[in-house]
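User: I would like to learn how to read a two-domain protein with bound ligands. Can we go through it feature by feature?

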Amino acid sequence: MATQRRSPRCQRRAGGPRSTRRAPTTTRSRRTWNGAFRGERFGTRCFSAMSKEDMVSHQVDVDLGDRSYPIYIGEDLITRGDLLTKHIHGKQVLIVTNETIAPIYLEKLTRVIQESDPSLQVESVILRDGEQHKTTQELMKVWDKAMELRFNRKATFVALGGGVIGDMTGFAASAFQRGVYFIQVPTTVMAMVDSSVGGKTGVNHPLGKNMIGAFYQPQCVLVDSLTLKSLPNRETASGVSEIIKYGLIWDADLFRWLEENIESLVDSDHPEFGRAISSAIERSCAIKAEVVAQDEKEGGIRAFLNLGHTFGHAVETYSGYGTYLHGEAIGVGLTMAADLSHRLGWVTEDIKDRTIALVKRSKLPTTPPESMTPDDFLELMAVDKKNVDGNLRLVLLRGELGTCVVTSDFEKGKLMDVLNTHCKTMG
Ligand SMILES: NC(=O)c1ccc[n+]([C@@H]2O[C@H](COP(=O)([O-])OP(=O)(O)OC[C@H]3O[C@@H](n4cnc5c(N)ncnc54)[C@H](O)[C@@H]3O)[C@@H](O)[C@H]2O)c1
Ligand SMILES: O=C(O)C(=O)C[C@@H](O)[C@H](O)[C@H](O)COP(=O)(O)O
Ligand SMILES: [Zn+2]
């Protein structure tokens with residue numbers, strides 16, 4: 001059983017269980033956190049050239065040797081062309097966005113980059129909006145555009161949007177001429193706290209989520225929290241599911257803070273939204289950066305970031321991509337994972353109940369589609385990327401709040417109990 005220890009600086013860990021036939025249970029020691037939300041900063045630092053308006057701005061570094069990069073976090077950073085152009089290598093820039101985001105932010109971002117470096121050729125491609133378009137067919141539009149424009153190997157693709165655009169742009173960049181540069185400009189809570197960081201890129205397959213993709217790191221991530229002003233509350237709540245996940249797998253103090261502040265996070269009209277979401281983004285990025293720095297390609301502890309995702313991805317695939325938002329499916333997945341962890345005797349009833357209560361208070365669903373059966377779950381979970389040698393591996397809560405394991409060593413009867421309890425249809 002591998003135990004991960006926190007390093008004061010994010011250190012990269014070599015090795016992992018990939019060479020073993022059966023992936024062992026991975027766990028880690030309890031972490032404490034003194035609380036950025038109480039004014040202290042954890043794993044982050046202010047970045048240079050701050051203006052008065054930037055006083056809330058912070059930088060989290062993802063420490064991956066020669067693939068390291070900064071995450072810039074602050075208000076109105078989309079106007080900071082200098083932060084972007086210093087990470088642009090060649091002269092050709094392709095902004096990838098979608099039909100919803102383009103009318104709001106594309107012109108601004110294009111102008112800002114162009115003004116910061118007039119020698120750049122800044123182009124754009126606009127994709128269809130929605131999880132159902134996270135496909136290889138839609139991806140072709142990015143490559144078609146880059147070919148038409150005769151983009152070369154030093155080109156930089158810029159993802160302007162949520163997790164769908166970020167995942168697709170990163171994958172497009174990883175494969176175009178075997179790899180061009182890319183930058184993430186996330187505009188949803190989901191993308192700011194999770195998808196823009198860590199280099200998981202890709203598209204869906206009709207039979208499974210994110211089945212086609214690559215690990216490919218961006219040059220930088222630019223988080224402008226003011227872009228969340230135009231985001232619908234349903235999407236905001238969806239992103240909050242991943243923040244709850246971080247609390248459960250890594251950071252009990254974050255979880256407790258969420259219990260105190262959740263209402264201000266899921267409603268962008270709440271007077272405390274700006275302050276609360278900024279703190280949550282910063283802490284989430286610091287946690288993700290720490291995990292990814294230790295295990296970039298999910299040989300071990302990175303799988304913790306998949307808490308609730310085995311159930312959740314099954315829900316997304318079953319219901320048709322886009323029916324449940326990703327974070328909504330994760331709300332269901334967190335509920336089922338917490339229930340299974342409790343039935344196995346690995347966490348107290350209190351932890352299970354508090355998890356489900358927090359999901360509900362986030363206005364996220366806790367139940368799968370009415371027609372989904374236990375067999376539907378089993379069939380879809382059988383293709384999960386964490387499985388080894390045909391064995392289902394799950395991330396489950398174990399021990400104190402903020403600790404978890406990834407394992408295939410659990411009583412399968414308890415899993416069936418959970419599926420039978422949460423599915424309204426028995427098939
Ligand atoms: N790579 C990773 O590590 C990782 C992590 C988490 C999620 N994901 C993936 O991310 C995707 C979900 O991302 P998402 O929740 O951002 O969904 P999304 O990208 O579909 O964006 C949600 C919706 O909000 C719109 N939108 C985006 N920004 C906006 C803004 N500022 N104002 C108004 N509208 C805006 C989008 O057009 C879309 O309709 C899923 O495909 C999921 O698998 C990947
Ligand atoms: O970064 C990771 O690692 C994650 O698992 C983050 C998840 O929130 C995210 O949904 C990710 O896309 C899931 O990855 P997958 O490998 O299960 O498709
Ligand atoms: Zn996720």
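Analyst: What follows goes from the overall fold to the domains, the ligands, the core and a few single residues. Keep in mind that this is a predicted model.

User: Where do I start? What does the secondary structure of the protein chain come to?

Analyst: Start with the element count. The chain has 13 helices and 13 strands. Then look at burial: of its 427 residues, 51% count as buried. Then look at sequence range. Among contacts between residues at least 6 apart in sequence, 74% join residues at least 24 apart.

User: Which domains does the domain assignment give?

Analyst: Check whether a domain is one segment or several. The assignment gives domain 1 as 21–33 + 232–262 + 297–427, and domain 2 as 63–231. Their C-alpha centres lie 28 Å apart.

User: How many residues of domain 1 are in contact with domain 2?

Analyst: Count each side on its own. Here 17 residues of domain 1 are in contact with 17 residues of domain 2. On the domain 1 side, the elements giving two or more residues are helix 6, helix 9 (309–319) and helix 10. Helix 6 gives the most to that side, with seven residues. By class, that side has five nonpolar, eight polar and four charged residues.

User: How should I read a ligand site? Which residues come nearest to ligand 1?

Analyst: Take the shell, then its nearest members, then its elements. There are 30 residues around ligand 1, and Gly162, Gly163, Thr188, Met190 and Ser195 come nearest. Four helices each supply at least two shell residues: helix 4 (163–175), helix 5 (189–195), helix 6 (233–250) and helix 10 (326–343). The shell divides into seven nonpolar, 16 polar and seven charged residues.

User: Where does ligand 1 lie relative to domain 1 and domain 2?

Analyst: Ask which domains supply the shell. Both domain 1 and domain 2 give residues to the shell around ligand 1, so this ligand lies between them.

User: And which residues are around ligand 2?

Analyst: They include Asp194, Lys200, Lys209, Glu242, Glu298, Arg302, His309 and Lys385. By class, the shell has one nonpolar, four polar and seven charged residues. Domain 1 and domain 2 both give residues to this shell too, so ligand 2 also lies between them.

User: Now the interior. Which residues touch the most other members of the largest nonpolar core?

Analyst: Look for the hubs. This core has 122 residues, and Ile71, Val96, Phe157, Leu160, Phe304 and Ala337 touch the most other members. Helix 8 (residues 273–294) gives the most to the core, with 12 residues. Both domains give residues to the core, so it lies between them.

User: Take one hub. What is Leu160 in contact with, leaving aside its neighbours within four places in sequence?

Analyst: Its partners include Ile95, Val96, Thr97, Ile101 and Tyr105. Others among them are Leu106, Leu109, Ile165, Val185 and Thr187.

User: Back to the ligand 1 shell. Where is Gly162 found, and is Gly162 buried or exposed?

Analyst: Place the residue first, then count neighbours. Gly162 is in the loop between strand 7 (156–161) and helix 4. It has 29 C-beta neighbours inside 10 Å, and the cut-off for buried is 20 or more, so Gly162 counts as buried. The C-alpha atoms of Gly162 and Pro186 are separated by 5.5 Å, though these residues are 24 apart along the chain. Beyond four places in sequence, Gly162 is in contact with Pro186, Thr187, Thr188, Met190 and Ala191.

User: What about backbone angles? What is phi of Arg178 and of Glu298?

Analyst: Look for positive phi in residues other than glycine. Phi of Arg178 is near 65 degrees. Phi of Glu298 is near 60 degrees. Arg178 lies in the loop between helix 4 and strand 8 (181–186). Glu298 is in the loop between helix 8 and helix 9.

User: Are these two residues buried or exposed?

Analyst: Use the neighbour count again. Arg178 has 7 C-beta neighbours inside 10 Å, so Arg178 counts as exposed. Glu298 has 21, so Glu298 counts as buried. Glu298 is also one of the residues around ligand 2.

User: Last, how do I use a database record? Which residues does UniProt list for the C-terminal domain?

Analyst: Note the status of the entry, then compare the range with the model. In an unreviewed entry, UniProt lists residues 239–387 as "domain: 3-dehydroquinate synthase C-terminal". Over that range the chain is 66% helix and 0% strand. The end C-alpha atoms of the range are 26 Å apart.

Methods: Residues numbered from 1 in each chain as written. Chains lettered and ligands numbered in written order. Predicted model: local features only at pLDDT ≥ 70, side-chain atom pairs only at ≥ 80, totals over all residues. Buried ≥ 20, exposed ≤ 12 C-beta atoms within 10 Å, placed from the backbone. Contact = placed C-beta atoms within 7 Å. Near = placed C-beta within 6 Å. Nonpolar A, V, L, I, M, F, W, Y, C, P; charged D, E, K, R; others polar. Domains from an automatic or database assignment. Core = buried A, V, L, I, M, F, W, Y, C linked by C-beta atoms within 7 Å. UniProt positions renumbered as here; feature names shortened; annotations may be inferred.
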